[in-house]
There are 2 protein chains.
Amino acid sequence: MPVLGYSAALEHFGPTELIRWCQESEQAGFGGVMAADHFHPWVPQQGQSPQVWPWMGALGLATQKVTFGPGVTCASYRYHPAIIAQLAATLAVMYPRRFWLGIGTGEALNEHVVGGEWPDAPERLERMVESIEIIKQLFTGKKVRYSGKHLRMESARLYTRPETPCPIYIAASGPKTAETAGRLCDGLITPAAPQEKLKTLIESFEKGAREAGKEPAIMPKLLQLHVSWADTYEKATRYPFTRRFRRLRATGAPRRFQGAGSHLDRS
Amino acid sequence: MPVLGYSAALEHFGPTELIRWCQESEQAGFGGVMAADHFHPWVPQQGQSPQVWPWMGALGLATQKVTFGPGVTCASYRYHPAIIAQLAATLAVMYPRRFWLGIGTGEALNEHVVGGEWPDAPERLERMVESIEIIKQLFTGKKVRYSGKHLRMESARLYTRPETPCPIYIAASGPKTAETAGRLCDGLITPAAPQEKLKTLIESFEKGAREAGKEPAIMPKLLQLHVSWADTYEKATRYPFTRRFRRLRATGAPRRFQGAGSHLDRS
């Protein structure tokens, strides 16, 4: 049974209005929130880029039951994966069974801030895999140490943890990362794409999952769609951001989507 | 007029109980919360160490008017200062005039996690000064770039910012850092110490402040005290943590301090 979620565009809106829109989206029946983790907006004109981690701390308290997580965070440049593990574990303790950790390979837009060269996709995937290994080891609660090809962690232990670790979902738009997601983690996040591409992606994810002895059918697949909703087609297509910011992932207040649930068959 | 605050020992207690105790402390008349930023507890027996940044995001929503901040964060090892600037600016936007940023030189206990050697005090002070320079530059809202002796930042700009930057307080227990605090920042944080030592510290802070053309008398000085409060002296001194964890900074639920305000003349 699909769940309709709200994509909180923290690379575009202020933190207080986004909390309010998430409350409204929950009241309107949305079941989840995916919160962007950016340092910079996609384009300066968007004008905002609040920090997602304290924002999610407030979100959990401001809402009743929506599941939520960063969509997605990169745990291998700006943040050390140990920090991400601690952030995720704390939110999972504060909001039981509601928090999930979305991980990706990062965007230069945000990650370049801390310096260093920006590697090609294969190295970014290697770094992401190492960051997930560190996070999963810390989630066990054991004292761990890590020395990978790219990342390193001295002896560390995570003290505040939920009974069951929060799920980890990986953002993928190519088959190799999707397969890694299936093998290493608990779910897949991907943006809207032509059906043929999505089919290949899901198949790769399922292949990875089966190789690791998991049942892919019950593993969450989060699809991020751009939606412009209005009571007429004309008004919906007039929405300015779809033209101005081609890379914009989520737009507008959920107030505008209030009837969206009843139109699921059309969308 | 002194303000009595509550020291939220995130290196010792779980996040949910600490939120509740902060709510109770506010109801009992406490005016502020200082929240520890640890990766590890001081000693494993303390058993908890939730992440302070999402916790503060929830704290602001769970309370009405207490001022709060990390006491203290280190922006020069585990976290890149750009991340701390974004975290602080977002909380300052979400909770206007309530958030302050407490900065220190770090503890190996927490900072060693991300690897690298642990330098001596002089270098740690240099790194702290550089981290504050980066944070203050980002707080202006301009596009900035930084290349110091220790820290580096590629071009970055903070989009979500309060109208007036949040105050920055520095943790100091020696005269050199205290003077730096007065010169560079807006206030001083220090743990309890013999009166003579505190006098020297405050004088150093005031000297630094005056050199920078500031009026030290109106700049906040946060003193962190260990308190064991009960209705009899015997019960208060029986409190186990004061014996077991000599380095423990703050203990117990504010419930135990409910009458503390009325005893200020005795403390």
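**Exercise 1. The surfaces through which the copies meet**

Task: Determine, for this predicted model, through which surface the copies meet and how many residues of chain B are in contact with chain A.

Solution: Begin with the overlap of the two sides: 100% of the interface residues of chain B are also interface residues in chain A, so the copies meet through the same surface. Next take the count, which is 46 residues of chain B in contact with 46 residues of chain A. Then turn to the superposition, in which a rotation of 180 degrees, with 0.0 Å of shift along its axis, places chain B on chain A with an RMSD of 0.0 Å. The two copies are therefore related as by a two-fold rotation axis.

**Exercise 2. The make-up of the interface**

Task: Describe how much area chain B and chain A bury between them, and which helices and strand of chain B each supply at least two residues of the side that touches chain A.

Solution: The area buried between chain B and chain A is about 3800 Å², and 67% of it lies on carbon and sulfur atoms. Within chain B, the residues that lose the most area to chain A are B:Phe39, B:Gln86 and B:Tyr159, which together account for 18% of what that side buries. As for secondary structure, at least two residues each come from helix H1 (15–27), helix H2 (52–62), helix H3 (81–94) and strand E6 (152–156) of chain B. H3(B) gives the most to this side, with 8 residues. Sorted by chemical class, the residues of chain B that touch chain A comprise 26 nonpolar, 16 polar and 4 charged. The last step concerns specific pairs: across the interface the rule finds 0 salt bridges, whereas 16 residue pairs are in polar contact, both residues being at pLDDT 80 or more.

**Exercise 3. The surroundings of B:His80**

Task: Locate B:His80 in chain B, decide whether it is buried or exposed, and state which residues it touches.

Solution: B:His80 is placed in the loop between strand E3 (67–70) and H3 of chain B. Its relative accessibility is 13%, and because the cut-off for buried is under 20%, B:His80 counts as buried. When residues up to four places away in sequence are left out, B:His80 touches B:Ala75, B:Arg152 and B:Met153, together with A:Val114 of the other chain. With B:Arg152 there is also a polar approach, since the side chain of B:His80 reaches the backbone oxygen of that residue at 2.8 Å.

**Exercise 4. Salt bridges within the chains**

Task: State how many salt bridges the structure holds over all chains, and examine what the accessibility of A:Glu154 and A:Arg145 is.

Solution: Over all chains the structure holds 20 salt bridges. In one of them, A:Glu154 pairs with A:Arg145, and the closest N and O atoms are 3.2 Å apart. A:Glu154 is buried at a relative accessible area of 17%, whereas A:Arg145 is exposed at 59%.

A further pair joins A:Lys199 and A:Glu203, whose closest N and O atoms are 3.1 Å apart. Both residues lie in helix H7 (residues 195–211) of chain A, 4 residues apart, which is about one turn of the helix. An α-helix has 3.6 residues a turn, so residues three or four places apart point the same way. A:Lys199 is partly exposed, with a relative accessible area of 47%, and A:Glu203 likewise counts as partly exposed at 41%.

In chain B, the side chains of B:Lys207 and B:Glu211 meet in a salt bridge at 3.3 Å, N to O. These two residues also lie 4 residues apart in helix H7 of chain B, about one turn of the helix, and B:Lys207 is partly exposed at 41%. Finally, A:Asp37, A:Arg78 and A:Glu111 are linked in a network of salt bridges.

**Exercise 5. Packing of helix H6 and the contacts of A:Pro191**

Task: Find what the buried residues of H6(B) pack against, and which residues A:Pro191 touches.

Solution: The buried residues of helix H6 (residues 175–184) of chain B are B:Thr177, B:Ala178, B:Thr180, B:Ala181, B:Gly182 and B:Leu184. They pack against helix H5 (121–139), strand E7 (168–171), strand E8 (187–191) and helix H7 (195–211) of chain B.

In chain A, A:Pro191 lies in strand E8 (residues 187–191) and is partly exposed, with a relative accessible area of 31%. Leaving out residues up to four places away in sequence, A:Pro191 touches A:Ala172, A:Leu198, A:Leu223 and A:Gln224. The C-alpha atoms of A:Pro191 and A:Ala171 are separated by 8.5 Å, with the residues 20 apart along the chain.

Terms used: Residues numbered from 1 in each chain as written. Chains lettered and ligands numbered in written order. Predicted model: local features only at pLDDT ≥ 70, side-chain atom pairs only at ≥ 80, totals over all residues. Heavy atoms only, no water. Least-squares fit on C-alpha atoms with pLDDT ≥ 70 in both. Contact = heavy atoms within 4.5 Å. Buried area = accessible area lost by both parts, 1.4 Å probe. Salt bridge = Lys/Arg side-chain N within 4 Å of Asp/Glu carboxyl O. Polar contact = N/O pair within 3.5 Å; in protein donor to acceptor, adjacent residues only side chain to side chain. Nonpolar A, V, L, I, M, F, W, Y, C, P; charged D, E, K, R; others polar. Buried < 20%, exposed > 50% of the residue type's maximum accessible area, 1.4 Å probe, protein only.
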